Amino acid sequence: MTCIFITFLSCLVSVAVLGKSSRPNIIFLLTDDQSSYSLSCYGNKDVKTPHIDSLASDGMAFDHHYDTTAICMASRANVMTGLYEYRHGCNFEHGPLTQKLWETSYPIGLRQSGYLTAFAGKFGFEVRKGTEKGHKYLPEDDFDKWGGGPGQTNYATAKNRSMKAYAKNYPHSSRSYGAFGSDFVRESAKSHKPFCLSISFKAPHKPDQPDPLFDKVYKGKKFTKPPNYGREYGKHFSFQSKQGRQYERFVSWGYRDRYDEVMAIYHQMVHGVDSAVGMIRAAVKEAGVADNTVFIFTSDNGFMCGSHGYGSKVLPYEESTNVPLIIYDPRHAISSENLRSNALTANIDMAPTILDLAGLDVPTEMDGVSLLPLLTNPHVMVRESAALINVWGPKAAHSYGVVTKDYKYIYWPYEAGVNFEPTEELYDLAKDPHELTNLASLKGEGLKQMRAVYDEAVEAGKRKGVDYNGYKQYGEIFDRTVPWNP
């Protein structure tokens, strides 16, 4: 990783030459467990998300954006470092992020180059000093302003230590983060330095605690169910995918019997985030920096919400992995044209994009790529594929997959007697976006091509995967040519 540190140091010189005025302010907004169909700008006419919709209409919405690990801890490490999970080794049941890798993250790079930085919300992972037995900590001292918290944080602002000052006026955390962000924007604008604000909302993560301020928004509302809602549309999914808690939560979390009630609460929590986005956008305009402030809005993973008869996330299906991404850069001539991109993008592309926005070189060791070329041409190809990884939860539900703009291939290696055998799934996303037909049994040309893409991704994991936190084993486990070895 030495080359990454050298890259950052060399970037400081290039930034000095460019001058501060050429560098935009950057606001990165990350939600938790938010599906694309929770937003009006992604086609759901049952919901009210005016501020996020406005961000999309002013900028660009991305229709094929994937979280390469669909669970918060690993996904947030992906976002910060630009690395796949097997490259950073950070996830529940595995371990924290190493300090060495944290020091290559986009917040560190921007602060070293002269940006004022702030973070608020659910940080999502800890950083470990030194060896595997080293001290673990939250890197609050690595930001100029800190409103973050450990673990899942709390919806009650007063219970988040670093946010208590906002509790009286903003008792629910979502709007407290809006107030925190607004204050940081106003303070930073006075300094005449570029700033980077990162906010990670807890919403709409369970347990459900929506802001009472918005109780009337969806009261008595009936919601349209997606075309793949219910168990009848999940019969073709692998037996392995039904072993984790995602399958039983279709029932226990109310999607089967209380769909409208459950979804009203879910969408109300998203509406609270939308309000906070509006607060921050208003502060940017009031501070006089709207013409030079870039917004990025996305989620750490999606949510099944009853699709195919599943609840929760983690699994590599569309509702869990394909999430909203909106980028608004007011400096672009084509902004404010309600643009959409159908290019394939991934959460590992967030760090490279932010570094590129700041005028910093993207380290070659990162797995992600900058998405800035898409702001000029929404249809240019910046990546051909992305890997989808799940090594959390019961072994039976572990999977590895690859997605391209048109296809998705998933391999489930677990086998156990007569109940399980290694399983392949293939979906033509261009023709079947709701994943209703598994094409793997047809043994066609599409399967051959996607197997090749998959095998290449597995080999990359073998070559580049970390040798700690239990990740070395997955190169063999996900190899299609190697029999399952429990």
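**Exercise 1. The lining of the second largest cavity**

Task: Determine how the residues lining the second largest cavity of this predicted model divide into nonpolar, polar and charged.

Solution.
Step 1. The lining is listed: F28, L30, R76, V79, M80, Y106, F123, S198 and S200 surround the second largest cavity.
Step 2. Each residue is assigned to a class, and the division is six nonpolar, two polar and one charged. Tyr counts as nonpolar in this scheme, and Y106 belongs to the lining.
Step 3. The elements behind the lining are identified. At least two residues come from each of β1 (25-31), α3 (72-81) and β8 (195-200). Among the contributors, α3 gives the most, with three residues.
Step 4. The cavity is placed in context. The second largest cavity holds about 50 Å³ of space, and the whole structure contains three cavities of 30 Å³ or more.

**Exercise 2. The largest pocket**

Task: Describe the volume of the largest pocket, the residues closest to its centre, and the classes of its lining.

Solution.
Step 1. The volume of the largest pocket is about 630 Å³.
Step 2. The lining comprises 25 residues, of which S36, Y37, Y42, E319 and H434 are the closest to the centre of the pocket.
Step 3. Sorted by class, the lining of the largest pocket has ten nonpolar, nine polar and six charged residues.
Step 4. The elements that each supply at least two lining residues are β2 (60-66), α9 and α10 (318-321). The largest share belongs to α9, with three residues.

**Exercise 3. The second largest pocket**

Task: Establish which element provides the largest share of the lining of the second largest pocket.

Solution.
Step 1. The second largest pocket encloses about 400 Å³ of space.
Step 2. Its lining consists of 17 residues, and Y84, S385, E456, A457 and A460 are the closest to the centre.
Step 3. Two or more lining residues come from each of β12, β13 and α13 (445-464).
Step 4. The largest share, six residues, is that of α13.
Step 5. The lining of the second largest pocket divides into nine nonpolar, two polar and six charged residues.

**Exercise 4. Two open sheets**

Task: For the sheet that contains β5 and the sheet that contains β13, state the strand order, the pairing and the edge strands.

Solution.
Step 1. The sheet with β5 is open, has three strands in the order β3-β5-β6, and shows mixed pairing. Its edges are β3 (97-98) and β6 (136-137); each has a single partner strand, so one side of each is left without a neighbour in the sheet.
Step 2. Within this sheet, β5 (residues 127-128) pairs with β6 in the antiparallel sense over two bridges. R128 stands opposite K136 in β6.
Step 3. The sheet with β13 is also open; it has four strands in the order β12-β13-β14-β15, and its pairing is antiparallel. Here β12 (386-390) and β15 (423-428) are the edge strands, each pairing on one side only. On average, neighbouring strands of this sheet are turned by 15° against each other, direction ignored.
Step 4. Strands β13 (residues 399-403) and β14 (residues 407-412) run antiparallel and are joined by four bridges. V403 has K408 in β14 as its bridge partner.

**Exercise 5. A pair of helices**

Task: Classify the mutual orientation of helices α7 and α9.

Solution.
Step 1. The axes of α7 (residues 173-191) and α9 (residues 259-286) come within 8 Å and cross at roughly 10°.
Step 2. Angles under 35 degrees count as roughly parallel, and α7 is therefore roughly parallel to α9.
Step 3. The crossing of α7 and α9 is right-handed.

**Exercise 6. Backbone features in loops**

Task: Locate the cis peptide bonds at P204 and P207 and the positive phi value at H308.

Solution.
Step 1. The bond between A203 and P204 is cis, with omega of about 0°. P204 is in the loop between β8 and α8 (245-252).
Step 2. A cis peptide bond also joins K206 and P207, where omega is about 5°. P207 is likewise found in the loop between β8 and α8.
Step 3. H308, a residue other than glycine, has a positive phi near 65°. The position of H308 is the loop between β9 (293-299) and α10.

Note on methods. Residues are numbered from 1 along each chain as its sequence is written. This is a predicted model: local features need pLDDT of at least 70, side-chain atom pairs count only at pLDDT 80 or more; totals for chains, interfaces and linings use all residues. Side-chain values use heavy atoms; hydrogens and water are left out. Two strands pair if DSSP finds at least two bridges between them. On a 1 Å grid over the protein atoms alone, a cavity is a set of points where a 1.4 Å probe fits but cannot get out, and a pocket is an open set with protein on both sides within 12 Å along at least five of seven lines; lining residues have an atom within 4 Å of a point. Grid points are joined across faces, edges and corners, and a volume is the space filled by probe spheres set on the points. Axes are lines fitted to C-alpha atoms, for helices over the stretch in contact, and angles run from 0 to 180 degrees between N-to-C directions. Angles under 35 degrees count as roughly parallel, over 145 as roughly antiparallel, 65 to 115 as roughly perpendicular and the rest as oblique. A crossing is left-handed if the near helix is turned anticlockwise from the far one by less than a right angle, and right-handed if clockwise.
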